[in-house]
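This report looks at how the strands of one protein chain are arranged and how a covalent link fits into that arrangement. Please keep the sequence and the model in view while reading.

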Amino acid sequence: QVQLVESGGGLVQAGGSLRLSCAASGRTFSSYAMGWFRQAPGKEREFVARTRWSGTSTYYADSVKGRFTISRDNAKNTVYLQMNSLKPEDTAVYYCAEDRYGSRPILAGTRASVYDYWGQGTQVTVSS
């Protein structure tokens, strides 16, 4: 059974930075992919970023491109989301998720329904 545990959320002023972590227990393979999603109150869960444990096939939502960076530490089974230049509209609960089919086309990889395991989420609040 895979467990994903997010951490690193908090309250930050606009323009600030946060780094989220997602620690994965259980076995991981380079062919798997990890994604970050977020959900604001009253809104649907939306895709943020995705990468494979191999470090390939990394891509971002347009809304965060150039500000957020997804990375991974295979030795620690941990995926990170570095968030810079934060805006109030980035306020949401952030979730990490694992997709055991890492070779999906880009559009498919942005859909929450294709991910097999999810973390419990961590709150990010950006004040103006």
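Two strands are said to pair if DSSP finds at least two bridges between them. The model discussed here is predicted, and by that criterion strand E4 (residues 33-39) and E9 pair in the antiparallel sense over seven bridges. Within this pairing, Met34 stands opposite Glu98 in E9.

Strand E9 has further antiparallel partners, namely strand E11 (residues 122-127), with three bridges, and strand E10 (residues 117-118), with two bridges. The table sets out these pairings, each with one of its facing residue pairs.

| Strand paired with E9 | Bridges, sense | Facing residues |
|---|---|---|
| E4 (residues 33-39) | seven bridges, antiparallel | Met34 opposite Glu98 |
| E11 (residues 122-127) | three bridges, antiparallel | Gln123, bridge partner of Val93 |
| E10 (residues 117-118) | two bridges, antiparallel | Trp118 opposite Ala97 |

How much of E9 is buried? Seven of its eight residues are, so the strand is largely enclosed by the rest of the structure.

E9 also takes part in a covalent link. A search of the whole structure finds one disulfide, formed by Cys22 and Cys96, whose sulfur atoms lie 2.0 Å apart. Because Cys22 belongs to strand E3 (residues 18-25) and Cys96 to strand E9 (residues 92-99), the pair ties together parts that are 74 residues apart in sequence. The torsion about the S-S bond of Cys22 and Cys96 is about 60°, so the disulfide is right-handed. Both cysteines, Cys22 as well as Cys96, are buried.

Turning to the chain as a whole, its secondary structure comes to one helix and 11 strands, and from the N terminus on the elements run β-β-β-β-β-β-β-β-β-α-β-β. Along its principal axes, the C-alpha trace of the protein chain spans about 40 × 30 × 25 Å. The radius of gyration is 13 Å, which agrees with a compact globule, because such a globule of 128 residues would have a value near 14 Å.

Burial and contacts complete the description. Of the 128 residues in the protein chain, 43% are buried, and among contacts with a separation of 6 or more, residues 24 or more positions apart account for 59%. The protein chain exposes about 6,400 Å², of which carbon and sulfur atoms supply 47%.

Terms used. Residues are numbered from 1 along each chain as its sequence is written. This is a predicted model: local features need pLDDT of at least 70, side-chain atom pairs count only at pLDDT 80 or more; totals for chains, interfaces and linings use all residues. Side-chain values use heavy atoms; hydrogens and water are left out. A disulfide is a pair of cysteine sulfur atoms within 2.5 Å. Helices (H or I, at least four residues) and strands (E, at least two) are DSSP runs, numbered from the N terminus. Buried means under 20% relative accessible area, exposed over 50%, partly exposed in between (1.4 Å probe, protein chains only). The radius of gyration is taken over C-alpha atoms; the globule rule is 2.2 Å times the number of residues to the power 0.38. Contact means heavy atoms within 4.5 Å. Accessible areas come from the Shrake-Rupley method with a 1.4 Å probe; for residues, only the protein chains shown count as cover.
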